[in-house]
Every structure is written in C-alpha cells, then in structure tokens.
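Please open the entry in your viewer and keep the sequence panel beside it, since each stop on this tour begins with a selection. The route goes from the whole chain to its sheet, then to a helix pair, and ends at the ligands.

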Amino acid sequence: MTVNIAIASGKGGTGKTTVAVNMALSLGDVQLIDCDVENPNGHLFLGKELEKVEPVNLIIPVIDKAKCTKCGKCSDFCRYNALVTFKHDSLFFPEMCHGCGGCMMVCPEKAITETTRPIGKIFTTTVGKMDFWSGLLNIGEPMATPVIKNLKSHIESSRSALLDSPPGTACPVIETMSDANFVILVTEPTPFGLHDLKLSIDVVRMLDIPFGVIVNRMGSGDDRVQMHCKAEEINLLMEIPQSQEIASLYSKGIPFVTVMPEWKEKFMDLYDRISKEVGQ
Ligand code: SF4
Ligand code: SF4
C-alpha cells in the first residue's frame with residue numbers, strides 16, 4: 001500500500017513544511033522529498049547533516065562557429081529564445097535554455113554539440129526508517145523544474161512518499177504535484193489564506209488530482225476557509241490550532257509530534273484516510 005502525497009500551499013509561510021515534516025516523522029517508514037529547491041528548509045527540522053549525492057546538470061548546446069552557416073534554423077526552432085542568429089554571428093543565452101536538444105537535431109551543418117551546465121545539487125539523509133531527499137537550485141538559476149525532476153527520480157515506488165512542494169502555482173508546483181496520488185493544500189484561516197487557497201484549488205482541479213485542505217493556525221482568523229470548503233464540498237482534512245507551544249517548538253526547529261505524541265496518531269489517521277480515498 002503506497003501513496004505519493006504532495007503538500008502544497010498558495011504562498012509560503014502557511015505551515016506546509018510543518019505538515020510535511022510532522023506527518024513524515026509520524027509515519028516513520030516513508031520518503032520525505034523537499035521539492036522547494038529555491039528555499040529548502042525541511043532538513044532544519046530533522047537535526048541531521050545532509051550528504052551530497054550528485055549535481056543536477058542541464059544539457060546545453062555548443063555551436064562550432066567554424067561550421068555554422070548562420071542559417072538561423074536553430075534560433076527559429078528554439079521557442080525559449082535561447083538562440084539568436086545574426087548575419088555574421090550567433091548568440092546563445094544559457095539561462096534561457098531548457099536543454100530540449102531540438103537545436104542540435106535541426107542544425108543541417110551538424111555544427112551543434114552538447115555539453116552540460118550545473119544548475120543544482122541533490123542531498124539526502126535518513127532519520128530512522130525515513131529517507132529524506134532535498135534539492136538546491138544554484139543561486140541565480142531560473143529553472144527549478146529540472147532539479148525537482150531529478151529529486152523525484154530518487155523516489156522508490158515500493159514506498160510511500162510525501163512531497164513538500166514549493167509555494168505558489170507555477171511550473172515547479174505543477175512538476176511536484178504531477179505524479180502525486182493526492183494533494184494536501186495547507187492554508188491559514190484568513191482572507192489572504194482563502195485567496196491563495198482558491199488559486200491552488202484551481203491548479204489541483206486542472207491536474208485532476210484528489211485533494212483536501214489542512215487549516216493551520218486555526219483560531220487566528222475567521223471561518224471563511226471552512227465555509228468555502230463546505231460550499232465547494234472540499235474535504236477539510238485537519239485543523240492545527242494556533243498554539244503557543246507549537247509556535248515555540250517551531251521557532252526552535254523541533255517538530256511538534258516529537259513532544260506531542262497525540263498528533264502522531266492524528267497524522268497516521270490522516271494518512272490512512274487519504275490511502276483509503278485514493279484506493280491504495
Ligand atoms: S542551425 Fe546550425 S548552421 Fe544554422 S545557424 Fe544554427 S548552428 Fe548555425
Ligand atoms: S536545447 Fe532547446 S532550449 Fe536550449 S537552445 Fe537548443 S532548442 Fe533552445
């Protein structure tokens with residue numbers, strides 16, 4: 001019985017990583033994948049040194065200018081505008097290149113070969129039976145998706161995985177969710193929380209993945225999120241209260257399930273409910 005659960009939110013700071021880490025520690029034998037590769041912080045709550053596994057490289061073109069006839073077929077092909085051909089020269093903008101390889105295929109002179117460009121790194125550690133994987137996008141690199149793809153390639157299909165998504169609704173979020181059986185959307189009980197939640201719901205519905213909502217810091221705002229979930233028949237999975245004790249533990253980097261064991265039961269029950277819902 002395995003299930004891949006993405007944990008997402010419309011904006012940062014809603015408690016997405018709190019849910020992912022506490023749920024992973026409650027389950028124990030699970031894979032926790034920190035897909036927030038621009039700002040990974042799951043490891044900060046595990047108290048373990050990370051081991052570097054491998055770099056993430058993007059394949060990029062190299063133009064042999066002696067062979068190039070400046071025909072422009074490569075730049076016409078490149079829909080990311082990473083290549084520009086002038087009458088007497090051609091230019092390549094590596095940051096715009098998605099590494100699709102198409103320009104190499106269309107060049108009639110075989111003037112384009114490939115090389116690699118490092119854009120990030122993959123790290124791992126273990127906590128008991130839990131495997132933790134984390135990616136880090138190099139500073140200044142614009143494309144998180146290839147690092148997330150690499151991270152996901154380390155998931156063992158015979159075991160369940162929790163994927164801590166980047167915030168927002170852009171490509172890295174969609175890449176994180178794309179192989180998930182279920183998505184947990186974490187939000188706060190505020191007008192801003194509801195606004196961002198609605199955007200996330202649109203994305204998950206577009207991807208046609210079953211989902212439910214966790215309200216974090218319950219009691220700190222109003223009941224608009226609950227009312228919206230009720231009206232839209234959205235599964236309200238869990239409410240985590242606004243709690244001085246939880247906030248204090250968070251500020252010290254201590255996952256609250258490690259000192260509040262009743263929450264371990266709640267996260268295990270949540271996992272069971274999700275597994276049943278997706279029929280795994
Ligand atoms: S397709 Fe090949 S020959 Fe034509 S401009 Fe590009 S690199 Fe040069
Ligand atoms: S590999 Fe793809 S994205 Fe990169 S320059 Fe060539 S066509 Fe453009």
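How many helices and how many strands does the chain have? Colour by secondary structure, bearing in mind that this is a predicted model, and you should find nine helices and 11 strands. With the whole C-alpha trace in view, its span along the principal axes is about 70 × 40 × 35 Å. Of the 280 residues, 41% count as buried, and among contacts with a separation of 6 or more, 74% join residues 24 or more positions apart.

Next, colour by domain. The assignment gives domain 1 as 4-56 + 119-278 and domain 2 as 65-110, and the C-alpha centres of domain 1 and domain 2 are 39 Å apart.

Now select the strands of the open sheet, which has nine strands in the order E3-E6-E7-E2-E8-E1-E9-E10-E11 and mixed pairing. At its edges, each pairing on one side only, are strand E3 (51-63) and strand E11 (235-241). On average, and with direction ignored, neighbouring strands of this sheet are turned by 20° against each other.

Centre the view on strand E1, residues 4-8. Is this strand, E1, enclosed or open? Five of the five residues of E1 are buried, so the strand is largely enclosed by the rest of the structure; the cut-off behind that statement is 20 or more other C-beta atoms within 10 Å of a residue's own. Both faces are covered, with Asn4, Ala6 and Ala8 buried on one side and Ile5 and Ile7 buried on the other.

Keep Ala6 selected and look to each side of E1 in turn. Toward strand E8 (residues 161-164), the pairing is parallel over four bridges, and Ala6 stands opposite Leu163. Toward E9, the pairing is again parallel over four bridges, with Val183 as the bridge partner of Ala6. Further along the sheet, select strand E10 (residues 211-218), which pairs with E11 in the parallel sense over five bridges, and where Val215 stands opposite Glu239 in E11.

Add helix H6 (residues 191-207), which lies across E1, strand E9 (182-187) and E10, and which runs at about 170° to E9. Then show helix H7 (residues 224-231), which packs with H6 at an angle of about 35°, the two axes being 9 Å apart. Side chains to display here are Pro191, Gly193, Leu194 and Leu197 in H6, which meet Arg224, Val225 and His228 in H7; by class, this contact has four nonpolar, two polar and one charged residues.

Move to helix H9 (residues 261-278) and select Met268. Met268 is partly exposed, with 15 other C-beta atoms within 10 Å, and, leaving aside its neighbours within four places in sequence, it is in contact with Ser26 and Leu27. For a sense of distance, draw a line from Met268 to Phe93, 175 residues apart in sequence and 48 Å apart in space, C-alpha to C-alpha.

The tour ends at the ligands. Around ligand 1 there are 14 residues, of which Cys68, Cys71, Lys73, Cys74 and Cys107 come nearest, and this shell divides into seven nonpolar, four polar and three charged residues. Around ligand 2 there are 13 residues, with Cys78, Ala82, Cys97, Cys100 and Cys103 coming nearest; its shell holds nine nonpolar, four polar and no charged residues.

Key
Residues are numbered from 1 along each chain as its sequence is written. Chains are lettered from A and ligands numbered from 1 in the order in which they are written. This is a predicted model: local features need pLDDT of at least 70, side-chain atom pairs count only at pLDDT 80 or more; totals for chains, interfaces and linings use all residues. A residue is near a molecule or strand if its C-beta atom, placed from the backbone, lies within 6 Å of it. Ala, Val, Leu, Ile, Met, Phe, Trp, Tyr, Cys and Pro count as nonpolar, Asp, Glu, Lys and Arg as charged, and the others, Gly among them, as polar. Two strands pair if DSSP finds at least two bridges between them. Helices (H or I, at least four residues) and strands (E, at least two) are DSSP runs, numbered from the N terminus. Axes are lines fitted to C-alpha atoms, for helices over the stretch in contact, and angles run from 0 to 180 degrees between N-to-C directions. Two residues are in contact if their C-beta atoms, placed from the backbone, lie within 7 Å. Domain bounds come from an automatic or database domain assignment. A residue is buried if 20 or more other C-beta atoms lie within 10 Å of its own, exposed if 12 or fewer, and partly exposed in between; C-beta atoms are placed from the backbone.
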